[in-house]
Amino acid sequence: MKITSFIKGLGISAILSLLLPLTTYAAQYGDVLLAVEDGWQRYEFNKPDPNIQYQGSSWFVDTTAPTYTGKTSSNSMGSKTVGEKIKFDFTGTKLNIRSYLYSGVYHLKIDGVDIGDINANGKTAYGVTYVNESLTNSRHSVEITVKEPNFWIDSIDIDATGTVISPDTPNPDPEPEPEPTPTGNDALLVIKMISGLEKEFELTAAEIEDFIHWYNNRADGNGKEIYMFEKDFNMGPFTSRKDYVAFSKIQSFEVMEYTK
């Protein structure tokens, strides 16, 4: 949901923890999960599913070995599949992406944010290529783009209470009407970081709008990862003080308008 303006006295939550999963998991990159773990459910790519979209002509279900279960993959003859995509949405806080033959490289986006290129070469079949247990408990979009063939995918695991949803299914929560531009000249911006640290900045209305504009653009995958705040207090011997805040480290922020 995009933020078109800030709201007087209202906390604006924008919890994002996509790029840096937690450091400990039930499963980790490269682990082989033949059976689904407790608290998870598995969606195997062994039959057509209207909630999972395939873009490109090389996707097929491989049935060469009867013991394989997932097997949605790139063409086993090595056709050029670079740029072909898989898209789906799901609800919940957890996601595992499992390989089939653990081959190829793919680019991963979650909620429009670039997670990066995932190298699946040289591991074991049915291994985990991506795992994240720290997503917000909400609806998420996933886009997998083939960067290096052959790329094979077996299944995904999500929360036991989650659901896979077609990307074309509308979000049941409508976007609210934009709030009017505030009339005050100043505001206090309080940013809560994922680490629990809080940062406070006294800004003008124009500076607040600049920050929100940067935040909205970065949420759409555009713009710089870092936002810089210029400080003009407690200067001491310094000629300038700058505070750099990383988008991926922001848990939430609150804007409080006031008039001096």
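How many aromatic pairs does the count come to? In this predicted model, the count comes to 12 aromatic pairs, and two of them, which share tyrosine 227, make a convenient way into the structure.

In one of these pairs, the ring centres of phenylalanine 211 and tyrosine 227 lie 5.4 Å apart while their planes stand at 85 degrees, and because an angle over 60 degrees counts as edge-to-face, the pair is given that name. Phenylalanine 211 belongs to helix H1, which covers residues 205-219, whereas tyrosine 227 belongs to strand S16, so the pair ties together parts of the chain that are 16 residues apart in sequence. Both phenylalanine 211 and tyrosine 227 are buried; for tyrosine 227 the relative accessible area is 16%, which falls under the 20% limit for a buried residue.

Tyrosine 227 also pairs with tryptophan 214, and here the centres are 5.0 Å apart with the planes at 45 degrees, so this pair is tilted. Like the pair before it, this one joins helix H1, where tryptophan 214 sits, to strand S16, where tyrosine 227 sits, and the two residues are 13 apart along a chain whose distant parts are linked in this way. Tryptophan 214 has a relative accessibility of 10% and therefore counts as buried.

These three residues are part of a wider arrangement, since ring pairs link Phe201, Phe211, Trp214, Tyr215, Tyr227, Phe229, Phe247 and Phe253 into a cluster.

From the cluster, the reader can move along strand S16 to methionine 228, a residue of this strand, which runs over residues 226-231. Is methionine 228 buried or partly exposed? Its relative accessible area is 34%, and methionine 228 is therefore partly exposed, whereas tyrosine 227, in strand S16 as well, is buried.

Methionine 228 also meets a part of the chain that lies further along the sequence: once its neighbours within four places are left aside, methionine 228 is in contact with Lys242, Asp243 and Tyr244. For one of these residues, aspartate 243, the separation from methionine 228 is 15 residues in sequence, and yet the distance in space from C-alpha to C-alpha is 5.7 Å.

Another of these contacts, Tyr244, leads to the surface, where Ile226, Met228 and Tyr244 make a nonpolar patch of about 280 Å². Strand S16 thus holds both tyrosine 227, with its ring pairs to helix H1, and methionine 228, which takes part in that surface patch.

Technical notes:
Residues are numbered from 1 along each chain as its sequence is written. This is a predicted model: local features need pLDDT of at least 70, side-chain atom pairs count only at pLDDT 80 or more; totals for chains, interfaces and linings use all residues. Side-chain values use heavy atoms; hydrogens and water are left out. Patches are made of residues with over 30% relative accessible area and no salt bridge: like charges are joined within 9 Å, nonpolar side chains (Val, Leu, Ile, Met, Phe, Trp, Tyr) within 5 Å. Accessible areas come from the Shrake-Rupley method with a 1.4 Å probe; for residues, only the protein chains shown count as cover. A salt bridge is a side-chain nitrogen of Lys or Arg within 4 Å of a carboxyl oxygen of Asp or Glu. Helices (H or I, at least four residues) and strands (E, at least two) are DSSP runs, numbered from the N terminus. Buried means under 20% relative accessible area, exposed over 50%, partly exposed in between (1.4 Å probe, protein chains only). Contact means heavy atoms within 4.5 Å. Rings of Phe, Tyr and Trp (its six-membered ring) pair if their centres lie within 6.5 Å; planes under 30 degrees apart count as stacked, over 60 as edge-to-face and the rest as tilted.
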